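Reader: I'm new to reading protein structures. Could you walk me through this one?

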Amino acid sequence: KAGFLGGKNKRMFELMDGFLKNDPVSLQKDILHHVEYTVARSRFSFDDFEAYQALSHSVRDRLIERWHDTQQHFKKKDPKRLYFLSLEFLMGRSLSNSVINLGIKDQCAEALSQLGFEYEVLVEQEGDAALGNGGLARLSACQMDSLATLDFPAWGYGLRYQYGLFRQIIIDGFQHEQPDYWLNFGNPWEIERVHVSYPVKFYGTVEEEIVNGKKCKVWIPGETVEAVAYDNPIPGYGTRNTINLRLWAAKPSEGHDIESYNTGDYINAIVNRQKAEIISNVLYPDDRSYQGKELRLKQQYFFVSASLQDIIRRFKDVHDNIDEFPDKVALQLNDTHPSISVVELMRVLLDEEHLSWKKAWNIVKKVFTFTSHTVLPEALEKVPVDLIESVLPRHLQIIYDINFAFMEELKKKIGQDYVRMSRMSIVEEGAVKNIRVANLSVVCSHTVNGVSKAHSKLLETRVFTDFYELWPEKFQYKTNGVTQRRWIVVSNPSLCALISKWLKTESWIRNVDLLTSLRDHASNPNLQHEWNMVKKINKMRLAEYIETMSGVKVSLDAMFDVQIKRIHEYKRQFLNILGVIHRYDCIKNMEESDRKKVVPRVCIIGGKAPPGYEIAKKIIKLCHAVAEIINNDNDVGDLLKLIFIPDYNVSVAELVIPGSDLSQHISTAGHEASGTGSMKFLMNGCLLLATADGSTNEIIEEIGAENMFIFGAKINEVPTLREKKSAIKAPLQFARVVRMVRDGHFGFKDYFKSLCDTVENGKDFYLLGSDFTSYLEAQAEADKAYVDKEKWSKMSILCTAGSGRFSSDRTIEDYAEETWGIQPCKLPS
Ligand code: TH1
């Protein structure tokens, strides 16, 4: 820890004890210290929440030590760094994750138990950090864990929303949204950096000035807001490396005097300044539907501008020559949300560094990499030109200039093909002129990644066809992955212990490929027995949760069949519910003797509907209406239950996934870019019932279709099916269950009419009708397999054994090598 040993530094070094110690007694001392001096409670009387706070602060101290050492090490070694720009991070809870990654779980548990507290209970005190919507945001969190664990010199940048994703509450089966004021009780996992702050400009005009004899553009802003940094340490597993997630909060900017002639003016001026904070107030809750809103653009530019100022300052601390910027910096765009940063970097290089266009463009082209996460047209960002002109006038000029240069280049390559040029243009002409942010991102990045093999193919053949033909070398794909630290070690400790026992090592936690050796034991009755015991424990935990939450008692012998994800028509929760209705209908119409053969099921659905998405909200209500009938039908009893889990989030997922037998990933083929939930289930030995969409195709490659239940139209069949569907009659079974909903079998007849309309009368855009028969067949296959306990256990073990390829460690290693060009930079231990 020495550093520099002169004068007062020498004295400081003498006073230092080395690192904080991790034995239970040292931890106890730290916890009690924080109870008294941080939480300010008496050490003789504090409750679970206060104990959680004190433990968190003790853990945080350890994180800070490592954070400091890591940052100093990076500074000394000066490697090329990766900056991961994302508008969303879904971190969930930090305590359990930090304790695992620091390797101090047992010590903490022991320390607490002697003080009369239970580690597991304290973990539950923490609320989720939900600064994101769904898959994309949780992916960012998993990737941060892998970046830290693999010792990469990387930082994440994002926004510190005061309100995260809304809380879902269900009243009479309807979704209601409540604000998620997650900072109410303080947040021990962040460090406020009052001195790390940057002004961010908005509005105003652009003027010309002469600087050093050259004409220059100067942006005179109409409003300035201050961005203040909040650092969130991200510890790696099995390494001291601890990286940083820096989130920006908006604060009123200092600077201007307030002109006031009376008290009213003065008060108003202060109140107005306070409005600056609005920018980082709230996360947009729409998954995949973009509306050109001013606040959203301001959020994007705000976090991008602050991040770039921070990154450039750090670069200039060590380097004089801006030409070296691309050798030291890689900037990753997580979807198009941070893409205004390409324009902002151009602006800084042109207007502030006074580089020529050519030099500036050369730098920009070399630093940015872009990952696209969707193919849905409604998710593609298009910002009205008028909006950019008002909020970011100088940026609009630069976008036009980039587009002009691009169009000139294109003309040289493809000749005067104006139709193609207008398709590729960054500026969309029409009644309302728009900026196509995806085109901007492709033009300005040196690499464009898809998130699965299938998704990448769609990007090349449907979304960015013209660009792919022009620059095939730009296009790559990196199949998504999730971190086994969070999704096995933290959330399924019994399975973790079992795996380590059978593999005789814990090294799979850093090298998940080792899981493949489980295949050698998949048929071993001893492993199967222990495996099923673990599943049972997890099912008990889940059943308890279901009972406290919904009052419904479920049987542990039943197959727990789960679909948890954002509610969206393309994800087809409606298909799932129609399948449940079909099952119910079959049971009701069955001979008594046949009922004995029915495999009991607990069907579980969870997820949030975007607040303005009416059909998604009706799907939630339908789930409740159907559950009401089924769960109260004594005639059916334990043979079938339907449960809606409210307020689905990361910590709920950590509880539900380990306790599931079967999980559903049933999007219409060609719509789920990747899907990452499936990977978490796979790791936890939970079988998949799925369409051949997104990452599922690669799961099939890895574990074999015989170990899954695959159904439905393939990606390339979907367009033809859509064309033909008005001519094809939906199967009778489908018509029958939809009719039951239409006729008010579950009540709310008028309310469900528009929902039924989406799948009938030649509509059915997401092809529920044409996939229904094959869906039921796959369900029947699952029933058959479940009855054969040995077969099921083997399939379950093979799922975990084949999940190695879906670790975010693998994704990040591939990105580092093929896309970012960065190397590990490990702290000496
Ligand atoms: C999701 C994709 O839908 C999903 O298939 C993928 O696994 C995940 O990203 C991670 O790659 C997306 N989430 C969003 C969220 C917003 C906009 C677009 C997408 S795509 C706000």
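What follows is a set of questions and answers about this predicted model.

Reader: Let's start big. Which domains is the chain divided into?
Author: Sure, and don't be put off by the split ranges, since a domain here can be built from separate stretches of chain. Domain 2 takes 78-93, 128-479 and 816-820, while domain 3 takes 490-713 and 730-806. The remaining one, made of 19-77 and 94-127, is domain 1.

Reader: How many Å separate the centres of domain 1 and domain 3?
Author: Here the centres are taken over C-alpha atoms. Between domain 1 and domain 3 that gives 37 Å.

Reader: Which domains does the shell around the ligand draw at least three residues from?
Author: Picture the ligand first: 19 residues surround it, and the closest include Gly135, His373 and Ser674. By type, the shell has five nonpolar, 10 polar and four charged residues. The domains that each give at least three residues to this shell are domain 2 and domain 3.

Reader: Now the nine-stranded sheet. Which strands stand at its edges?
Author: Follow the order of this open sheet, E7-E10-E11-E4-E1-E12-E13-E17-E18, where the pairing is mixed. The edge strands each have a single partner strand, so one side of each is left without a neighbour in the sheet. Those strands are E7 (191-202) and E18 (475-477).

Reader: Within that sheet, do E1 and E12 run parallel or antiparallel?
Author: Strand E1 covers residues 81-85 and strand E12 covers residues 329-334, and five bridges join them. To find the spot in the model, look for Leu82, which stands opposite Ala330 in E12. The two strands run parallel.

Reader: Which residue in the hairpin of E8 and E9 takes a positive phi?
Author: Strands E8 (residues 205-211) and E9 (residues 214-220) pair in the antiparallel sense over seven bridges, and Val206 stands opposite Trp219 in E9. The hairpin has two residues between the strands. One of them has a phi near 50 degrees, and that's Asn212.

Reader: What about the three-stranded sheet: which helix lies across E14 and E16?
Author: This open sheet has the order E14-E16-E15, with antiparallel pairing. Strands E14 (382-384) and E15 (427-428) stand at the edges, so one side of each lacks a neighbour in the sheet. E14 pairs with E16 (residues 434-436) over three bridges, and Val383 stands opposite Ile435 in E16. The helix across E14 and E16 covers residues 437-444, runs at about 45 degrees to E16, and is called H16.

Reader: Last one: are H11 and H14 roughly parallel or roughly perpendicular to each other?
Author: Helix H11 (residues 340-352) and helix H14 (residues 393-414) pack with their axes 10 Å apart, at an angle of about 95 degrees. Where they meet, Ile340, Val343, Met346 and Arg347 in H11 face Arg394, His395, Ile398 and Ile399 in H14, and these contact residues divide into five nonpolar, one polar and two charged. Angles of 65 to 115 degrees count as roughly perpendicular. With about 95 degrees between them, H11 and H14 are therefore roughly perpendicular.

Methods. Residues are numbered from 1 along each chain as its sequence is written. This is a predicted model: local features need pLDDT of at least 70, side-chain atom pairs count only at pLDDT 80 or more; totals for chains, interfaces and linings use all residues. Axes are lines fitted to C-alpha atoms, for helices over the stretch in contact, and angles run from 0 to 180 degrees between N-to-C directions. Helices (H or I, at least four residues) and strands (E, at least two) are DSSP runs, numbered from the N terminus. Angles under 35 degrees count as roughly parallel, over 145 as roughly antiparallel, 65 to 115 as roughly perpendicular and the rest as oblique. Two residues are in contact if their C-beta atoms, placed from the backbone, lie within 7 Å. Ala, Val, Leu, Ile, Met, Phe, Trp, Tyr, Cys and Pro count as nonpolar, Asp, Glu, Lys and Arg as charged, and the others, Gly among them, as polar. A residue is near a molecule or strand if its C-beta atom, placed from the backbone, lies within 6 Å of it. Domain bounds come from an automatic or database domain assignment. Two strands pair if DSSP finds at least two bridges between them.
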